[in-house]
Amino acid sequence: PKTTRGQPLDEDPKREQEAAYDRAKQVTLAILDQIGHSGQRVQQLKEAGLTKREMDKLLDGLIRRKASVPETLQAHNRAIKKWIGWCAGKGYNPAKPTAIQLALFLQELSEGGPSVAKTLGASITWFAEIGKMPWETGDELVQGQIRASAIATARAREQARPWSMQDAENLLDAFDTASEEEAEAPPSASASGTAAAAIQDSTCL
């Protein structure tokens, strides 16, 4: 097999996928170790007298059920890193945020694009569930920011969607249908009266 810097290249996509997942998982576990001590999940595992390795193994199974591909896990990790960095700049404790702090975080970062707050909100909720964190992700302030971002994302996608030939054909079909219905429709009472009056006038001449 080909090598890079003396190391054999892994030509098995599944094995490479698993390696990418393991790298992302280690980051997730490190984040949970940093901010997860306020959550019930880590506390319960510690109270059970488990070693760090045993705890990580149990959390590994939970993480895999909640995020089965490395791309999803990597996205969650990036979001939480942004959250930790934002809290550091504000002087907040990332492990024990208030609903107002979570909402402000989503509001400020949504300025980077309509889909940003939606993605960050999903990742924060994911981490809160994994660690059983006492984060008020269900608070109306937080959910309001997530909903607003979801609506803005949908509108942006609709506006960005290119006009296709199918759109043109659908519009022409709608015009044709309307024209056919108009031609087949019986004349209205006012139209019939006008026509009768015109005939009567012509016979009187």
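**Group meeting: surface patch, salt bridges and aromatic pairs in a predicted model**

Ile100, Leu104 and Leu141 make up a nonpolar surface patch whose combined accessible area is about 260 Å². Patches take residues with over 30% relative accessible area and no salt bridge, joining like charges within 9 Å and nonpolar side chains (Val, Leu, Ile, Met, Phe, Trp, Tyr) within 5 Å. Areas are Shrake-Rupley values with a 1.4 Å probe, and for residues only the protein chains shown count as cover. Leu104 sits in helix α5, residues 99–109; helices are DSSP runs (H or I, at least four residues), numbered from the N terminus. Leu104 is partly exposed because its relative accessibility is 31%; buried is under 20%, exposed over 50%, and partly exposed in between.

This is a predicted model, so local features need pLDDT of at least 70 and side-chain atom pairs pLDDT 80 or more, while totals for chains, interfaces and linings use all residues. Numbering runs from 1 along each chain as its sequence is written, and side-chain values use heavy atoms, without hydrogens or water.

On confidence: pLDDT is the predictor's confidence in each residue, from 0 to 100. The chain mean is 78, with 69% of residues at 70 or more. Helix α4 (residues 70–90) has the highest mean among the elements, 93, and helix α9 (residues 189–204) the lowest, 47. Residues 188–192 are below 50 and have one contact beyond near neighbours in sequence, a contact being heavy atoms within 4.5 Å. Where pLDDT is low, the coordinates should not be read in detail.

Next, salt bridges, meaning a Lys or Arg side-chain nitrogen within 4 Å of an Asp or Glu carboxyl oxygen. The whole structure has 10. Glu18 and Arg64 form one, at 2.8 Å from N to O. Glu18 is in helix α1 (residues 13–35) and Arg64 in helix α3 (residues 52–66), so this pair ties together parts 46 residues apart in sequence. Asp60 bridges to Lys25 at 3.1 Å, again linking helix α3 and helix α1. Asp60 is buried, at 16% relative accessibility, and Lys25 is buried at 11%.

Last, aromatic pairs: ring centres of Phe, Tyr or Trp (its six-membered ring) within 6.5 Å, with planes under 30 degrees apart called stacked, over 60 edge-to-face, and the rest tilted. There are six. Trp83 and Phe105 are edge-to-face, because their centres are 5.0 Å apart and their planes stand at 75°. Trp83 belongs to helix α4 and Phe105 to helix α5. Trp83 has 0% relative accessible area, as does Phe105. Both residues are in one aromatic cluster with Trp86, Tyr92 and Trp135.

Key. Helix = DSSP H or I, 4+ residues; strand = E, 2+ residues; numbered from the N terminus. Buried < 20%, exposed > 50% of the residue type's maximum accessible area, 1.4 Å probe, protein only.
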